[in-house]
Structures are given as C-alpha cells and as structure tokens.
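Reader: I am new to this structure and should like to ask about it step by step. Please show it before the questions begin.

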Amino acid sequence: MSSTTLPESARIVIIGGGIVGCSIAYHLALRGERDVLLLERAELTSGTTWHAAGLVGQLRSTRNLTRLAQYTTELFTTLGERTGQATGFRQCGSVSIATNADRMEELRRGASMARAFGLPVEVITTAQVAELAPITHLDDIVGGVHLPGDGVTNPVDTTRALARGARDLGVRIREHTPVERVLVESGRVVGVRCRQGDATVDVRAEAVVNAAGMWARELVHDLGVNVPLHAAEHFYVVTEEIPGLPSGLPVVRDQDGCAYIKQEAGKLLIGWFEPVAKPWGMRVPGGAGGVPRDFTFGTLPEDLEHITPLLEMAAHRVPLLEDAGIRLFFNGPESFTPDDRYLLGETPEVSGLFLACGFNSIGIQSSGGAGKVLADWIVDGHPPMDLWDVDVRRMMPFQSNSAYLHDRTVETLGLLYAMHWPFRQPETARGVRRSVLHDRLAGQGACFGETAGWERANWFAPAGIEPRYAYSYGRQNWFEHSAAEHRAVRETVGLFDQSSFACFQVSGRDAQDVLNRICANEVAVEVGRIVYTQWLNERGTIEADVTVTRQALDEYLVVTSAACQTRDLAWLRAHIPAGARASVVDLTSGLSVLGVMGPRSRDLLQSLTPDDLSNGSFPFAHSRTIELGYAQVRASRITYVGELGWELYIPSEYAMGIFDALMSAGPRFGLRLAGYHALNSLRLEKAYRHWGHDISPDDTPLEAGLGFAVAWDKPGGFIGRDALLRQREHGISQRLVQFRLADDAPFAYHNEPIWRDDQLVGHVTSGMYGHTVGAPIALGYVARPDGPADAEWLLAGAYEVEIACERFPAQPSLRPLVDPANERIRS
C-alpha cells in the first residue's frame with residue numbers, strides 16, 4: 001500500500017491533525033495500537049494549532065486537570081529526544097501577578113492547591129516579581145505566584161514530533177483527506193466516509209475519535225451527537241525586536257489586565273482573554289455561515305478598535321511596549337465550550353465515537369494529558385481516572401443550540417482570566433430551563449444560579465434587598481439570608497424547589513433484575529420503599545449516586561442530580577442487557593419536585609392532606625401517592641438536609657397550585673423558602689456526599705464511608721462487587737473525613753490541602769459554613785501511605801487545612817456533626 005492510499009479499515013480512526021489528534025495517535029501507539037489511521041482535511045496543524053501561543057502551564061482548576069497538564073509538561077520535556085524532532089520546548093517558568101487583595105487571595109489559594117498536587121509553586125513579593133520579570137510595571141502590583149515548571153513550546157514542531165513518533169510506531173497519517181461523514185449503524189460507529197481527490201472512500205473502524213476542532217460540532221450534528229462548542233476570535237500581537245530585552249523571561253500572566261506576555265526570540269508576544277469576546281463562524285437563519293471547510297492556516301481581519309484598550313493596559317504593565325513597534329497584529333479563531341472546559345470521552349449518543357475538542361485556547365498545554373487519557377479510555381474501555389470536569393456527558397442536549405453557544409461564547413473566552421469566585425454564576429445565555437415555579441420564586445426574592453441550564457433559587461433576598469451576588473472569598477452578601485433559611489430548616493420548616501432533579505422511570509418485567517445488577521444496594525424491596533445506592537464500575541469505584549423508589553412490581557423511579565442527567569441516563573441505558581424486558585423513560589421535564597424539610601414539615605403537610613403522615617403510618621425511606629391540595633402527588637420521605645421531611649413529585653401542571661397551598665398554610669408553621677446554598681450547608685453538616693465533589697470514579701463506597709449502602713450478599717451480586725470485596729479484605733488506604741474549623745477561620749471550598757501531624761495527607765472535596773455548628777466545615781479525603789486508614793489512625797492525628805497558604809486547625813470526625821444518630825430524620 002502506498003503512503004497515500006486509504007485502507008479499507010482501521011481499528012481506530014482519528015479525525016483531525018492538530019496537536020490533540022496527533023497526541024492521541026502517539027499515545028495509542030505507545031499502548032501498542034498499530035492499526036490507527038489519522039485523517040487530516042488539509043495539512044497537520046492547519047486549523048488552530050499553527051497559530052497557538054504555545055504556553056504550557058500546569059496549574060488548572062481541579063486536581064485531575066492539573067495532573068493532565070503536569071503530564072503534558074513531562075511529555076514535552078523528552079519528546080524531542082524520543083522522536084528526533086525538535087519541539088522548541090523550554091521551561092522558563094511563569095509569574096502570575098495580582099493588582100488587588102482579591103486576586104492575591106485567589107493566587108494564594110491556587111498555590112495551596114498546587115502544593116496539594118505536588119506542583120512546585122512559590123508565593124512571591126513585588127520585589128521578587130521585579131527580579132523574575134523586570135519588564136513589568138510594579139507600582140500597582142501587590143504580589144504574585146511563581147510556577148518554575150511552566151514553559152513554552154513551538155506548537156507546530158511539537159505536533160510534528162507527536163506525528164513522527166506515531167508514524168515510527170506504525171500509525172498511518174493521511175493529509176488532504178477530509179472526512180465528510182461518520183458512519184453509524186444501530187447506534188454504534190462503524191467507520192468514516194472521506195474524500196480523497198475526486199473519490200469518496202469509506203473506511204471501516206471500531207472506534208472513531210472526533211478531534212476536528214472548530215469543525216467537530218458540524219461534523220456529527222446530523223447524527224444527533226451533542227458537541228457544544230463555538231469559535232471565537234482570539235487576539236495577540238508580536239512586537240518588533242526590542243533592544244536590550246532581558247533573556248530567560250518567564251511567561252507573565254496579568255489576569256486583571258486580561259493579558260499574557262511571552263518572550264519570543266528578542267520580541268514579545270502579548271495575547272488577551274478579554275471579558276467580552278467576539279464569537280465567529282456562527283450559522284445564521286437559513287443555515288448559511290459556519291466555519292468554512294476550506295479555512296486552512298486562516299486568519300481573521302484585524303480589529304484595532306477591539307484591542308486598543310487591551311493594548312493600553314498591556315503597555316501599562318510592560319512600559320517597553322510604548323516604544324516598541326508591532327510586527328504582527330494577529331486574529332485567529334479558537335473553539336470554546338459553554339463552561340470553559342474541553343470535551344473528552346465517548347459520546348452518550350453513539351457507542352465507539354469519542355470526542356477530543358473544544359479546548360478553550362489551552363489545547364497545547366492540555367494535549368499531552370488529554371491524548372494519553374483518551375488513548376487509555378479507548379484501549380481499556382474506561383477512563384483511567386475521574387475526568388468528570390471534561391467528560392462530554394456533563395453537557396445537556398440543549399447546549400448544542402447555535403444561538404445559545406453564540407451568546408455564551410461572548411463570556412467564556414474571558415473566564416480564563418476572570419476571578420474564579422466561589423459560587424460564581426454565568427451571566428450570558430441564561431434562562432434556558434425554568435421550573436414552572438420560577439416566576440413565583442422570583443416574586444419572593446429568589447437569586448438564581450445556573451446548573452445544567454436550570455435556573456435554581458440559590459438564596460432569597462428579603463424585601464428591600466436586591467437579589468444579586470456580591471462575590472468574595474469570605475462571607476458573601478447572601479450569607480446571613482442563607483443562614484436564616486438554614487436555621488428555618490433546622491428549627492421549623494423550609495421549602496425547596498428541587499425540580500431540576502433528573503428523574504428516570506425504569507419499567508418492565510425485568511426492571512428489578514436489571515437495576516439490582518446496576519445498584520450496589522438491594523432494590524428487590526417491597527413497593528413503596530426508597531433505596532439509597534451507588535452505581536459502581538467493574539473496578540468498584542463510584543459512577544453514580546442515586547435514590548431508587550419502587551413504585552410497582554415492574555416499575556422504579558430513579559432520581560439523580562441535575563448535572564448528572566445525561567451521564568446517568570447513558571450509564572443506565574448502556575447497562576440494560578440486550579433482550580432484557582426493561583425500558584427507561586426520562587421524566588425530568590414532566591415533573592416538578594418540592595422539598596418540604598424541617599421538624600414541622602409533617603404538621604404543615606398534614607394540614608393539607610387527609611392521608612396519615614405519622615411516623616407509624618409513613619416511616620422514613622417510604623414513598624406513596626397522597627392527596628395534596630387538589631392533586632395526587634408522590635410523597636417520598638427522604639432527606640438531603642438531615643431533617644424530617646418529604647420530597648413531593650408533582651406532575652408539572654399541578655405544581656403551582658400545590659406551591660400556593662403550601663405558602664398559604666406555611667406561616668402557621670414557620671415556613672420559609674430556602675435555596676441551594678442552604679441545602680449545601682445543611683447537607684455538609686450531615687456529611688452527606690455530593691457526586692462530582694466528594695465521590696467520583698476515583699473513589700469506592702468503602703473509602704467514601706458508604707459501605708452501609710452496599711448489599712454484599714444479595715443474589716446475583718452487582719457490578720463492581722469482586723473489586724470491592726478485595727478492597728474490604730485488604731483494607732482502605734484513604735477515607736473521607738468531616739472536618740470542623742475554628743469559627744474565625746477562612747472558608748474551605750475545594751482542593752485545599754489537608755495536613756496531619758505536619759504531613760500532607762489529602763485535600764478538601766467540599767466545604768461551607770455550618771450555621772448549626774457555628775463554624776466552617778469541610779469534607780476531604782485523608783490518605784495513609786504506610787497502612788490502613790482505619791478509624792483509630794484517622795482520629796488520632798493533629799489536623800490542619802491549608803487555605804491561601806496558611807494552615808488552620810481542623811477537628812476530624814467520622815460521624816456527622818449534626819444528629820449523628822439520625823434521630824431527627826426518623827422522628
């Protein structure tokens with residue numbers, strides 16, 4: 001076969017010859033996969049890779065994303081030597097500067113997180129900034145952070161090195177071979193249709209990777225595959241050579257000025273992530289527009305009006321720019337996603353079709369890690385670690401809407417350098433999914449946040465207070481209002497709109513057997529029982545955290561979080577055996593859910609229903625249909641706040657009537673509307689786990705303290721049982737622990753280091769202020785490197801939580817800080 005002939009088949013086909021596609025090819029080859037074909041529509045790097053700035057940073061927003069970026073740096077360090085192709089990679093370090101106290105706290109918190117992940121980092125003074133980056137104007141700088149391991153690389157040469165390494169290991173790469181269509185049969189990918197010259201050629205494949213960058217969405221849109229990304233214009237300038245420019249400068253990140261500054265062969269490259277971006281390549285009504293297929297090594301028109309304010313800020317930061325000539329005004333497109341994180345993994349719509357796209361202008365620094373873990377995912381059949389941050393299954397179907405993507409992209413480009421406030425909410429493309437009670441809640445002062453497109457009441461502003469966030473790392477403007485909601489739930493009764501819950505009905509003669517295999521807990525229970533359970537993979541780690549209610553002998557209701565709707569539905573459907581008499585229907589859009597929680601919840605509900613809600617008649621973890629107002633609703637006695645209460649599952653057309661009845665009767669019982677911030681502080685006091693923060697595919701039920709929800713001996717077993725039994729036999733090396741900090745300590749939110757006897761032993765998974773406890777509280781994993789993490793060892797040490805580079809004493813507990821005997825929920 002010649003070097004240009006297309007094979008009839010390949011085990012794995014990769015679409016796209018940018019740095020990510022070539023990294024995937026290289027890492028597949030390292031895993032021993034030789035039957036790999038990479039198809040590039042034009043030339044390697046000709047989409048966006050060729051014009052990337054080549055920054056290789058390592059510190060990302062979460063532990064596993066940082067691990068991926070760290071791997072990229074490790075890879076680039078030796079890639080040139082291993083492949084014989086120079087890459088231009090050098091570790092010059094980076095300096096991020098702060099011009100105000102808030103930014104400095106953000107940098108300090110990031111530095112603490114870096115330490116938790118083993119990343120070398122140093123918090124530096126203004127004087128040290130001057131030593132490391134003498135080109136910077138210092139008068140308004142309050143400090144910074146130095147990451148000595150960060151670097152820069154030549155994107156084109158690095159891509160060529162990956163391609164050469166892949167070719168040397170047997171991968172076939174074909175340029176000027178555009179893929180016109182991904183071929184699918186019976187819900188599974190079977191190959192691609194591509195054009196070579198004037199001929200159309202089909203190549204059969206077992207797996208296909210869509211790494212087509214800006215074209216990734218359009219390529220599979222007609223297959224119903226959700227690829228929410230949109231291109232935006234990205235600007236940088238390159239100066240003329242600057243006489244006397246110091247050599248060996250680090251990359252300077254001036255996030256308050258929206259700029260990064262990189263030395264480049266005696267010149268400076270300055271680029272921006274501005275807060276109001278310019279989407280590009282959008283489709284218009286009638287179907288015209290989009291990213292042109294022949295856009296190769298393409299650039300976009302200069303926009304001096306847009307970048308002049310940015311240039312002025314850059315000249316303030318680097319006074320040398322005032323006299324430097326500009327050799328290049330560059331404008332090129334990059335693709336961005338709605339949440340500023342890339343899209344990776346197998347699509348829920350088509351088996352065997354994988355995504356690796358939407359890299360939000362960090363494709364170079366992400367390429368090595370993303371390529372490695374996706375190659376592992378394809379070869380092993382599962383991701384090598386928790387990749388929820390970038391897993392395509394976090395996206396909702398509506399997010400592929402072109403108008404939504406256009407409007408959100410205006411904001412997402414700038415989020416890279418915006419303040420990463422706790423509880424920060426997006427400002428664009430809002431109001432997509434609304435509960436039928438939205439206007440009722442807005443009229444009561446609700447301040448809404450967004451999750452999976454849902455507008456959810458996070459807190460309620462009293463009369464005369466504007467329901468708008470004022471962000472900080474401490475007590476934000478809603479703190480006291482949420483505290484009052486929290487106390488109402490603990491002392492009287494609170495009402496939550498939880499209509500964003502994802503609800504799936506599983507029915508059929510085999511529903512029990514199917515779910516009992518998927519669920520770690522026993523769901524072969526009597527009708528009307530609620531079961532709390534995890535779904536595990538074969539490695540015994542947690543894929544989902546759900547409740548399962550048996551509604552009939554052949555029917556169950558599965559309830560999960562809003563963010564996990566796509567993921568959990570895909571997992572459920574994928575694990576129904578062929579031929580099983582069981583079906584799944586997503587009921588989410590048809591149900592409203594109200595949580596009535598607190599010690600007076602029974603009194604309130606009993607005043608509105610003839611049904612007996614007494615503890616003897618309606619015990620905890622039971623569910624049944626009751627009359628309420630003028631409707632029939634499913635009342636489930638369950639809680640995520642640690643109080644007596646019921647979740648009411650209401651056909652949506654009845655929801656407003658039920659809500660009005662509750663609000664009318666509520667004042668007699670001390671009813672107060674409550675939002676998701678109160679829900680979070682309440683659940684943390686009870687140490688209730690949150691999937692995606694406290695539990696993930698990196699954790700087992702034993703490590704998470706959820707062994708009580710495992711039915712070890714049920715007939716037929718469950719997915720992951722063998723792995724879990726082995727861990728139970730050998731013992732666990734890490735355990736989720738609850739911590740109480742001093743009342744005056746700063747708040748821990750996520751990824752703060754945990755120290756035990758002056759040794760780094762773990763990190764915080766989630767945190768909040770506990771208003772009942774009267775102190776900041778947190779959950780976090782504690783690992784024991786030299787033995788089992790048993791209760792005696794866990795509770796014996798002296799603990800500290802590091803927040804913004806300062807340690808604070810923390811008291812550990814393996815029992816909930818509030819009502820450890822669970823008497824309140826069973827009252």
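Reader: Which elements each supply at least two residues of the lining of the largest cavity?
Author: This is a predicted model, in which local features need pLDDT of at least 70, side-chain atom pairs count only at pLDDT 80 or more, and totals for chains, interfaces and linings use all residues. Residues are numbered from 1 along each chain as its sequence is written, while side-chain values use heavy atoms and leave out hydrogens and water. Helices (H or I, at least four residues) and strands (E, at least two) are DSSP runs numbered from the N terminus, and a cavity is a set of points on a 1 Å grid over the protein atoms alone where a 1.4 Å probe fits but cannot get out, its lining residues having an atom within 4 Å of a point. At least two lining residues of the largest cavity come from each of α6 (216–220), β12 (230–239) and α9.

Reader: What is the volume of the largest cavity, and which residues are the closest to its centre?
Author: Five cavities of 30 Å³ or more turn up in a search of the whole structure. A volume is the space filled by probe spheres set on the grid points, which are joined across faces, edges and corners; for the largest cavity it is about 140 Å³. Of the 14 residues in its lining, the closest to the centre are R217, E218, L229, H230 and G281.

Reader: Is T409 buried or exposed, and which residues does T409 touch?
Author: T409 belongs to helix α9, which covers residues 402–415. Buried means under 20% relative accessible area, exposed over 50% and partly exposed in between, with a 1.4 Å probe and protein chains only; T409, at 2%, is therefore buried. Contact means heavy atoms within 4.5 Å. Leaving aside residues up to four places away in sequence, T409 touches H230, A231, A232, A277, P279 and F336.

Reader: Which element gives the largest share of the lining of the second largest pocket?
Author: A pocket is an open set of points with protein on both sides within 12 Å along at least five of seven lines, and the second largest one holds about 1000 Å³ of space. Its lining has 47 residues, of which E346, T347, R393, A570 and A574 are the closest to the centre. Two or more lining residues are given by each of β11 (199–210), α8 (363–380) and α13 (565–574). The largest share, eight residues, is that of α13.

Reader: How is strand β4 covered, and which residue of β13 stands opposite V95?
Author: Five of the five residues of β4 (94–98) are buried, with S94, S96 and A98 covering one side and V95 and I97 the other. Two strands pair if DSSP finds at least two bridges between them; β4 pairs with β6 (143–147) in the antiparallel sense over five bridges, and the partner of S96 in β6 is V145. With β13 (251–254), β4 runs parallel and is joined by three bridges. Opposite V95 in β13 stands V252.

Reader: Which strands are the edges of the sheet of six, and at what angle to β29 does α15 run?
Author: The open sheet has mixed pairing and the order β30-β31-β32-β29-β23-β33; its edge strands, each pairing on one side only, are β30 (623–628) and β33 (671–673). Within the sheet, β31 (631–636) and β32 (645–651) are antiparallel with three bridges, and R634 has Y649 as its bridge partner. Axes are lines fitted to C-alpha atoms, for helices over the stretch in contact, with angles from 0 to 180 degrees between N-to-C directions. Helix α15 (655–665) lies across β23, β29, β30, β31, β32 and β33, and its angle to β29 is about 15 degrees.

Reader: Why is α11 largely enclosed by the rest of the structure, and what covers its buried residues?
Author: Helix α11 (479–491) spans 18 Å from its first C-alpha to its last, close to the 18 Å expected at 1.5 Å a residue, where the expected span is 1.5 Å times one less than the number of residues. It is largely enclosed because ten of its 13 residues are buried, among them F479, H486 and R490. The covering elements include β22 (454–460), β23, β29, β33, α16 (676–685) and β36 (759–770).

Reader: Is E729 buried or exposed, and what separates the C-alpha atoms of E729 and N680?
Author: E729, in helix α17 (721–730), has 66% relative accessibility and so counts as exposed. Along the chain E729 and N680 are 49 residues apart, and their C-alpha atoms are separated by 34 Å.
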